[in-house]
Amino acid sequence: MSKRIAVANALASAFLSGPWTTAGLVERGAEVIGGRTPWLLSVVRSTRRFFPRPPHARFELLAEILATRPALQRACGNPHAPVKILHWVATEPEMGRQPWPVPSLPTQAELTDWLGMTDAQLGWLADARGLERMTPPGQWRRYRYTWIPKRSGGERLLEQPGLDLSRLQRKVLHGILDVIPPHEAAYGFVAGRGVRGFAEPHVGQAVVVRVDLEDFFLSVKPARVWGMFRAAGYPDDVATTLAGLCTTRTPSGVLEQARRAADGEALTARWRLARRLESRHLAQGAPTSPALANLAAYRLDVRLSALASALGARYTRYADDLAFSGGDALARSTGRLLRCVARIVREEGFTVRTEKTRVMRRGRQQRLAGVVVNEHPSVPRADYDRLKAILHLCRTRGPASQNTGSHPEFRAHLLGRVAWVSQLNPTRGARLRAIFEQIAWE
């Protein structure tokens with residue numbers, strides 16, 4: 001550590017240990033360096049311009065700002081009057097402003113106790129040094145990795161945390177993230193909200209527009225995750241550890257296992273995917289990722305809701321699916337809408353999958369997340385007829401005749417599909433349930 005950084009850290013600790021006044025900061029600063037010097041007053045005044053109030057939860061940022069003050073830099077670089085740290089004034093870490101009822105964890109020790117881990121275990125699982133990126137397969141990897149083909153082509157990487165890390169992530173999810181509300185336009189992965197709520201505002205509109213985001217979880221930068229924990233009131237080092245628990249870097253050996261791209265467009269998409277995976281990101285498979293992705297998209301939701309309102313439209317989001325709808329005025333300005341959406345999405349750190357953008361006008365099927373919204377929320381007729389036929393054959397020929405994949409929970413699978421139809425269309429759901437109840441399950 002350079003002398004300038006050491007002095008900045010000592011001053012930051014002293015400044016935060018008492019009243020946040022010019023006289024108080026100068027007095028405690030003089031105690032650190034052994035006397036009042038002309039440059040100390042300049043540093044104090046500059047610091048108070050940055051922080052009118054004491055930044056108790058931002059020790060690291062305060063030290064960083066102090067280290068960049070020209071007066072401190074000149075003093076530490078003067079060989080004729082070297083700056084010495086004569087006394088370290090300790091300060092007790094404090095939580096910042098807490099807009100939500102999250103647990104108070106002002107220190108790493110309290111975080112460690114709350115999570116029920118040792119310092120060494122927490123340090124390994126938070127992976128501040130990014131060792132996961134270089135870890136070979138075996139017990140020391142924090143995640144299990146599986147490449148899964150997409151129906152639309154390409155692959156996605158499922159990153160499943162190990163038992164210890166998964167337990168900590170669920171503790172963070174239910175103890176912290178669950179009490180931080182997402183934007184009201186967000187419907188995916190939110191308790192009490194679902195696909196019907198996402199689709200219902202767009203029923204009976206002249207035009208419905210669907211925009212898809214590319215690699216939604218992977219696009220959330222670690223700085224934004226850290227910022228969310230900071231916004232909850234946690235000090236810098238605690239926020240850093242929490243962000244480390246919820247993000248990861250994919251090992252290079254896993255990236256090499258991805259299927260080779262077949263054409264130029266697929267090659268470009270694979271390159272973008274690899275770049276996101278090798279940087280810190282939200283793992284698709286971690287229990288904390290959906291909630292963090294929703295919170296990371298809060299500002300995106302704010303801006304897109306405002307855009308929709310300005311254009312006389314409605315906006316909702318289900319994970320990476322963005323939906324807009326409106327009357328004839330919007331139908332005439334969909335080009336402007338899409339240009340504005342692309343710009344906002346880009347500025348917020350996400351990417352639009354242009355090949356999946358759909359502009360659906362009245363007179364053709366308008367479909368969002370598998371829900372038809374032309375007149376009322378409903379399952380597409382083809383999907384309903386297919387499920388009805390499967391249930392009929394299960395009743396007449398037995399469930400084994402339709403369970404071609406030997407699904408171990410085939411009954412629960414069918415019951416879930418019936419429940420989905422019932423949620424959207426109770427009349428059709430009742431017909432399917434009547435057939436389901438006549439099936440002779442073994």
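User: Along strand S2 (residues 155-161), which side chains point to the face where they are buried?
Analyst: The side chains of S2 alternate, and Arg156, Leu158 and Gln160 point to the face where they are not buried, buried meaning under 20% relative accessible area with a 1.4 Å probe, protein chains only. This is a predicted model, in which local features need pLDDT of at least 70 and side-chain atom pairs count only at pLDDT 80 or more, while totals for chains, interfaces and linings use all residues. Residues are numbered from 1 along each chain as its sequence is written, and side-chain values use heavy atoms, leaving out hydrogens and water. The side chains on the opposite, buried face of S2 are Glu155, Leu157, Glu159 and Pro161.

User: Which residue of S2 is the bridge partner of Pro149?
Analyst: Strand S1 (residues 143-149) pairs with S2 in the antiparallel sense over 7 bridges, where pairing requires at least two DSSP bridges. Within this pairing, Pro149 has as its bridge partner in S2 the residue Glu155.

User: How many helices and strands does the protein chain have?
Analyst: The C-alpha trace of the chain spans about 95 × 55 × 45 Å along its principal axes, and 47% of its 442 residues count as buried. Its helices (H or I, at least four residues) and strands (E, at least two) are DSSP runs, numbered from the N terminus. The secondary structure comes to 20 helices and 10 strands.

User: Which are the edge strands of the open sheet with the order S6-S7-S3-S8?
Analyst: This sheet has 4 strands with antiparallel pairing, and its neighbouring strands are turned by 15° against each other on average, direction ignored. S6 is joined by 6 bridges to strand S7 (residues 321-326), with Tyr315 having Phe324 of S7 as its bridge partner. Pairing on one side only identifies the edge strands, S6 (313-318) and S8 (358-361).

User: How far apart are the axes of helix H18 (residues 381-397) and helix H20 (residues 426-436)?
Analyst: These helices pack at an angle of about 20°, which makes H18 roughly parallel to H20, a term for angles under 35 degrees. Their contact (heavy atoms within 4.5 Å) involves residues including Tyr384, Leu387 and Leu391 of H18 and Leu432 and Ile435 of H20. The residues of this contact divide into 6 nonpolar, 1 polar and 5 charged. The axes of H18 and H20 lie at a separation of 9 Å.

User: What is the relative accessible area of Leu432?
Analyst: Leu432 lies in helix H20, and its C-alpha atom is separated by 9.0 Å from that of Tyr384, 48 residues apart along the chain. Leaving aside neighbours within four places in sequence, Leu432 is in contact with Tyr384, Leu387, Lys388, Leu391, Val418 and Val421. Leu432 is buried, and its relative accessible area is 0%.

User: At what angle do helix H6 (residues 108-115) and helix H11 (residues 236-246) pack?
Analyst: The axes of H6 and H11 are 9 Å apart, and Gln108, Leu111 and Leu115 in H6 meet Asp237, Val238, Thr241, Leu242 and Leu245 in H11. By class, this contact has 5 nonpolar, 2 polar and 1 charged residues; Asp, Glu, Lys and Arg count as charged, Ala, Val, Leu, Ile, Met, Phe, Trp, Tyr, Cys and Pro as nonpolar, and the others, Gly among them, as polar. With angles taken from 0 to 180 degrees between N-to-C directions, on axes fitted to C-alpha atoms over the stretch in contact, H6 and H11 pack at about 35°.

Key. Angles under 35 degrees count as roughly parallel, over 145 as roughly antiparallel, 65 to 115 as roughly perpendicular and the rest as oblique. Buried means under 20% relative accessible area, exposed over 50%, partly exposed in between (1.4 Å probe, protein chains only).
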